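Work through the exercises below with the sequence and the model side by side. Each task is followed by a solution that goes step by step.

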Amino acid sequence: MVDLDAAIGYVVAHGDAVDRARLAWLRTGQFPPADVLDKAEIGQSPDGGWPALWGADIASVDATCFRLAELDDLAAINRPAARRALAWLGRSQRPDGMWEEDASLAGIAPPWAQPGDDEAKLYLTTNAAYWLVVGGPNDGDDQHATRVARAAEAFRASLRPDGSWPSFLVTGWLGCAVLYHLGWFYESAQIQVALADRVPKMTAADTASLYSALRRVGMSPDDWLLTAARKRLDETQRTDGGWESDDGPQFNVHTTLTAIRALR
């Protein structure tokens, strides 16, 4: 069994003020203080996106989605900063229904965000569409549903007959979440079968992200894929209560919070 008390203790011991505020919201529904929200929203570009650490001051689709995940954990998805970010994501969608990082980031972006790369484009498309689904439409935005549907169609068109997809592993569960939300349950089930084959060897960070994304769109924790993912989280929880990030120890608290979000 996953030890949630130990996970909570890990975040309290190793997290900063924003991390502890995220934990308080996830555990008890306690709203964060204003200074914590200001810190979580800092650095937003005038156009509404957030730059990546590797991208100077150019707004990044990937970084903006990452920041929206943090804000969602702070009950801040409806604050002005998040609404501007969601509007920016909507405006950034390409005519083909997909998303891609700014061309000026070519050469400095990591593989999953590299402009001109088809795998990166599919990942960014499912990531942006997922957050448009979670965030919902802004007031007066009558194109929201169309944007989500176009992104879902672009992802659906990429699926192979066995339910696999020509992109990174994370693309699968983000795309699955979007399709599930839209009621495309056959295609979603195909992806779930492909993901289930990968769960026994998934990293802790991937497992937490998968579980969290699918729960956020309403998939039951009793679903067979999520049951397998919960077992994998139990197997990968460390003796100190945390889960290990794939991006270095500085992100272990973030991974642990993602697991808590999934299992709460």
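The exercises that follow concern a predicted model, and they move from the whole chain to its empty spaces and then to single residues.

**Exercise 1. The chain as a whole**

Task: Describe the secondary structure of the chain, and decide whether its radius of gyration agrees with that of a compact globule.

Solution: Begin with the count of elements, which gives 12 helices and 2 strands in the chain. Next, follow the order of these elements along the sequence, where the pattern reads α-α-α-β-β-α-α-α-α-α-α-α-α-α. For the second part of the task, note that a compact globule of 264 residues would have a radius of gyration near 18 Å, and because the chain has 18 Å, the two agree. The extent of the C-alpha trace can be added to this, as it spans about 45 × 45 × 35 Å along the principal axes of the chain. Burial comes next, and here 55% of the 264 residues are buried. Finally, consider the contacts in the chain with a separation of 6 or more, of which 65% are made by residues 24 or more positions apart.

**Exercise 2. The largest pocket**

Task: Find out which residues lie nearest the centre of the largest pocket, and which element gives the largest share of its lining.

Solution: Start from the volume, since the largest pocket holds about 1,700 Å³ of space. Its lining consists of 46 residues, and those nearest the centre are Asp62, Phe66, Asp247, Phe251 and His254. Several elements give two or more residues to this lining, among them helix 2 (17–28), helix 3 (34–41), strand 1 (50–51), helix 10 (204–216) and helix 12 (252–263). The largest share, however, comes from helix 4, which supplies 7 residues. Sorting the lining of the largest pocket by class then gives 26 nonpolar, 9 polar and 11 charged residues.

**Exercise 3. The cavities**

Task: State how many cavities of 30 Å³ or more there are, and describe the lining of the largest cavity and of the second largest cavity.

Solution: The count comes to 2 cavities of 30 Å³ or more. Take the largest cavity to begin with, which has a volume of about 50 Å³. Its lining is made up of Leu86, Ala87, Gly90, Leu132, Gly136, Pro137, Asn138, Asp141, His144 and Arg147. Helix 5 (80–92) and helix 7 each contribute at least two residues to this lining, and helix 5 has the largest share, with 3 residues. By class, the lining of the largest cavity contains 4 nonpolar, 4 polar and 2 charged residues.

Turn now to the second largest cavity, in which about 40 Å³ of space lies. The residues around the second largest cavity are Thr125, Thr126, Ala129, Ala151, Ala152, Phe155, Gly175 and Val178. Two or more residues of this lining come from each of helix 6 (118–135), helix 7 and helix 8. When the lining of the second largest cavity is sorted by class, 5 residues are nonpolar, 3 are polar and none is charged.

**Exercise 4. Ser164 and its surroundings**

Task: Locate Ser164, and decide whether Ser164 is buried or exposed.

Solution: Along the sequence, Ser164 belongs to the loop between helix 7 (144–158) and helix 8 (169–182). The relative accessible area of Ser164 is 16%, and because buried means under 20%, Ser164 counts as buried. As for its partners, the side chain of Ser164 makes a polar contact of 2.6 Å with the side chain of Asp162. Once neighbours within four places in sequence are set aside, Ser164 is in contact with Ser158 and Leu159.

**Exercise 5. Two further loop residues**

Task: Describe the setting of Asp117 and of Ala75, including the accessibility of Asp117 and of Ala75.

Solution: Asp117 sits in the loop between helix 5 and helix 6, where Asp117 is partly exposed at a relative accessible area of 30%. A polar atom of the Asp117 side chain lies 2.9 Å from the backbone nitrogen of Ala120. Apart from residues up to four places away in sequence, Asp117 touches Glu100 and Pro111. To place Asp117 against a remote part of the sequence, take Leu257, which is 140 residues away along the chain and has its C-alpha atom 30 Å from that of Asp117.

Ala75, in turn, is found in the loop between helix 4 (61–72) and helix 5. With a relative accessibility of 28%, Ala75 also counts as partly exposed. The phi angle of Ala75 is near 55 degrees, which is a positive value in a residue other than glycine.

How values were computed: Residues numbered from 1 in each chain as written. Predicted model: local features only at pLDDT ≥ 70, side-chain atom pairs only at ≥ 80, totals over all residues. Heavy atoms only, no water. Helix = DSSP H or I, 4+ residues; strand = E, 2+ residues; numbered from the N terminus. Buried < 20%, exposed > 50% of the residue type's maximum accessible area, 1.4 Å probe, protein only. Polar contact = N/O pair within 3.5 Å; in protein donor to acceptor, adjacent residues only side chain to side chain. Contact = heavy atoms within 4.5 Å. 1 Å grid on protein atoms, 1.4 Å probe; cavity = no way out; pocket = protein on both sides within 12 Å on 5 of 7 lines; lining within 4 Å. Points joined across faces, edges and corners; volume = space filled by probe spheres on them. Nonpolar A, V, L, I, M, F, W, Y, C, P; charged D, E, K, R; others polar. Rg over C-alpha atoms; globule rule 2.2 N^0.38 Å.
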